Amino acid sequence: GAARAAVAALLMGAIPAVHFPGSVLGLPLVVLYAIFFAGRGRHVRALAVVAGCAALALGLSAFSWLPALADIEGTHYLQSTAGYDNYQNHFVDPGQLVSTRWGFGSSMPGATDTMSFQIGWAHLLVLVLVLLAAVRLPSIRPLAIFCGLVTAAGVFLMLGVSRPLWAALPPLQNVQFPWRNLMLVGVATSLAAGLAAILPGAILAGGKEAGSRRKSSRRGRGGSERLPGVLRADALLASRPAGKIVPIVIIALLCGACLPYLQSRRGEGSDADFTPEAIREKYFGELKFQPIEVATPRFRPAGPRAALAGEGTARIVHEATQRMVVDVSVPAPTTLRLHLFASPGWHARFRGRDLPVRAEPGTGLLLVDLPAGAGDLDLSFGNTPARLAAWILSGLSLAACLALIVRRKFLRGRAA
């Protein structure tokens, strides 16, 4: 129904809102899932519904991806596919998929990576178990096949044999990072783990179904009982033995999947790459984040983070994601240089006056021309025409989803 489609759109919209490059793989996966499990003769309808959901999802997440696409020409993003970020440098050797080695470093050419690309032995064993069980259990066969196909596709996209495919798709080459393609494997093996958890109930239910069929065959053609062809997961979970075993199986799978990470924490692994200082260093050093004004690739600014060209003092007193407050005191007009890239949307306000901001030639850093005086310089990252349009589109899409959900409840109330 329309209400369910609206809920699906809300959930799908979370994918591009969180990570737009990941949605290049995530949204098609959702579409394929809907088509794969559509009933006979309903594939076209399923495709139409899921396409509408995907359109609403893109509208809901427009606040995230639309400004990025609008501002991409003002950055070095399109040039970032050269060097380290080139997709040719990040194909995985097959042995890395089953290696238990863990790391917190970077993806490198060949097998020299200092980060892990393992699928996980627990995940692989569960997938194999489910595929073997699906041979005898028709109730789990469709989902087991889907999990196997998605896992195979994810593995193929990470290996060097997929080079011709990526070479034919230049716009998608920035997506070719193994940790992104591993997302497909992670989703598929997680679904397989869910199937493994309900296997006890499926086996019991399958035995009962086989027994019922034997009884029906003895009755001859006169029997009037009809047996379901595919068993539902909720029916399997409702069985008493499965209800006791499922939590134990899930806990065991989680522990098995976490063992490599927990083992690595006893060694040299650390999360030092995620401190504010490390993130700031990464932000300035990444070519794809640098504005077009930056003349030196991967430029990293040196010196104080708030520096005056003339006499006076400047001290950062507050810093947040989209706001910075600098306490300044200058005896004469001068220029303040900040370790912020002058991206579109930055606004400066000092002693009740709006001040123009500009980019420093060659570095792209934010410059503010200050008048004489003392006080707080308030810098905030606000809207641009593209960001405002994106927020409006997201708002309209959200209103459409809510209207579809409320409409169903309203019609139900009138029918009652």
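**Exercise 1. Find out how confident the predictor is, and where that changes.**

Start with the whole chain: its mean pLDDT (the predictor's confidence in each residue, from 0 to 100) is 79, and 77% of the residues reach 70 or more. This is a predicted model, so local features need pLDDT of at least 70 and side-chain atom pairs count only at pLDDT 80 or more, while totals for chains, interfaces and linings use all residues. Residues are numbered from 1 along each chain as its sequence is written, and side-chain values use heavy atoms, with hydrogens and water left out.

Next, go element by element (helices, H or I, have at least four residues and strands, E, at least two; both are DSSP runs numbered from the N terminus). Helix α10 (residues 233–238) has the lowest mean pLDDT, 45, and strand β5 (residues 346–350) the highest, 93. Over residues 217–240 the pLDDT is below 50, yet this stretch has 22 contacts (heavy atoms within 4.5 Å) beyond near neighbours in sequence.

**Exercise 2. Work out how the five-stranded sheet is put together.**

First, get the order: β2-β3-β9-β5-β6, an open sheet with antiparallel pairing (two strands pair if DSSP finds at least two bridges between them). Then look at the edges: β2 and β6 (353–355) each pair on one side only. From one strand to the next, the twist averages 25 degrees (axes are lines fitted to C-alpha atoms, and angles run from 0 to 180 degrees between N-to-C directions).

**Exercise 3. Trace the bridges at both ends of that order.**

Take β2 (residues 313–320) and β3 (residues 323–330): seven bridges join them, and they form a hairpin with two residues between them. Thr313 has Ser329 of β3 as its bridge partner. Now try β5 and β6, which pair over three bridges; here Arg349 is partnered by Asp354 of β6.
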